[in-house]
Amino acid sequence: MQQLLEQAIRYAKPFLEQGKLADYIPALLRANPQHLGVSITTMDGKQHSAGDTDEPFSIQSISKILSLIYVLNERGKEKVLEKVGVEPSGNPFYSLVQLEYESGKPRNPLINAGAIAITGLMAGNSAQEKSAGLIQFLNNIVDESDYKINQEIYRSEFETSHRNRAVGYFMKHFGMIDGEVEAAVDAYFQQCSIEMTCAQLSRLSLFFAGGGTDPISHKKVTDPENVKWVHALMAMCGLYDASGEFACTVGLPGKSGVGGGIVAIVPGKMSISVFGPALDGKGNSIGGLKILEFLSRELRLSLF
Ligand code: DON
């Protein structure tokens, strides 16, 4: 396995030249575009890593699958479905167009609009209360974890993300945001700025492979039914307007973030996490995608 991961890094490295750091959140420009790493955690708790897997990065949109599980646990599926749909959007993650002709209801919880509707449903009136609840939920999953918000990245997005605020206020008009828009949007920025290493992300997301229960600590994180829904959403919408291609080339439920992370789940077997901040034109890690394609091919991981 170790050799295979190193081979995957060597295969993917040349593609980094074609990628670019995310620049619309200014602090993300501080990342090193040459970083590339992969970690696999299997159901027995063994972890294999190659490359830059101890570099912390902000999980960005990968947080959307974690906040969704948290809110599904707290509020239940019926409530969630009042505010968001479960259909692929086929549009970029930041898009506003569909929202207008679909009466402010986001297509799914993995686009920005849907994730902001989800933070609206989180317990707490302020952004601090909402994000503290989410972080506490995450810290309970893996013993001795202590996830933190990268304050520089958080401030940077808070100060520049006018489009996400517009999305929030637009949805509020249609009743899709519970509570204050500013609290929901701010909590969304905070969850996107949670920092992890590639190795930590792979370990944390192992409960997805375990059908809602962490196979190492045996803690029940969520119901198998919630994991089924989130896996289906990841397969359909986890990489936005690149989700179809990802299904064809990798064939696993996956979720990407503009910090350069991608997590992919092999149900019942393992959780794979990749990190490479050089992104392709759709905002997905260019090297990370190549690593996942390589591993899916070599290990025959595709579910399709
Ligand atoms: O809202 C944003 O634009 C970022 N905080 C997160 C976007 C993101 O990670 C999209 N994923 N590829």
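Which side chain does a polar contact of 2.8 Å join to that of N226? In this predicted model, the partner is T222, whose side chain meets that of N226 at the stated 2.8 Å. N226 itself belongs to helix α12, which spans residues 224–237. With a relative accessibility of 8%, N226 counts as buried, because the limit for that class is under 20%. Once neighbours within four places in sequence are set aside, the contacts of N226 are with I69, L72 and N73.

The ligand offers a good next stop. It is surrounded by 15 residues, the closest being Y24, Q60, S61, E157 and Y188. By residue class, this shell consists of six nonpolar, eight polar and one charged. Two tyrosines approach oxygen atoms of the ligand: a side-chain N or O atom of Y24 is 2.6 Å from one ligand oxygen, and for Y188 the distance from a side-chain N or O atom to a ligand oxygen is also 2.6 Å. A further tyrosine, Y240, has a side-chain N or O atom 3.4 Å from a nitrogen atom of the ligand. On its own the ligand has 340 Å² of accessible area, and the protein covers 99% of that area.

Q60, one of the closest residues to the ligand, deserves a second look for its backbone. Most residues other than glycine have a negative phi. Q60 is not a glycine, yet its phi is positive, at about 45°. This residue sits in the loop that runs between β3 (57–58) and α2 (63–75). Its relative accessible area is 2%, so Q60 is buried. R300 likewise has a positive phi without being a glycine, in this case of about 50°. Its setting is the segment after α14 (286–299). The relative accessible area of R300 is 76%, and R300 is therefore exposed.

Finally, the cysteines can be considered. How many disulfides does the structure hold? The count is zero. For C192, the nearest cysteine sulfur belongs to C237 and is 16 Å away, and C192 is in no disulfide. C192 counts as buried because its relative accessibility is 1%. C248 is in no disulfide either, and here the nearest cysteine sulfur is again that of C237, 15 Å away. At 69% relative accessibility C248 counts as exposed, whereas C192 counts as buried.

How values were computed
Residues numbered from 1 in each chain as written. Predicted model: local features only at pLDDT ≥ 70, side-chain atom pairs only at ≥ 80, totals over all residues. Heavy atoms only, no water. Helix = DSSP H or I, 4+ residues; strand = E, 2+ residues; numbered from the N terminus. Buried < 20%, exposed > 50% of the residue type's maximum accessible area, 1.4 Å probe, protein only. Polar contact = N/O pair within 3.5 Å; in protein donor to acceptor, adjacent residues only side chain to side chain. Contact = heavy atoms within 4.5 Å. Near = heavy atom within 4 Å. Areas by Shrake-Rupley, 256 points an atom, 1.4 Å probe, with all protein chains shown as cover. Nonpolar A, V, L, I, M, F, W, Y, C, P; charged D, E, K, R; others polar. Disulfide = S-S within 2.5 Å.
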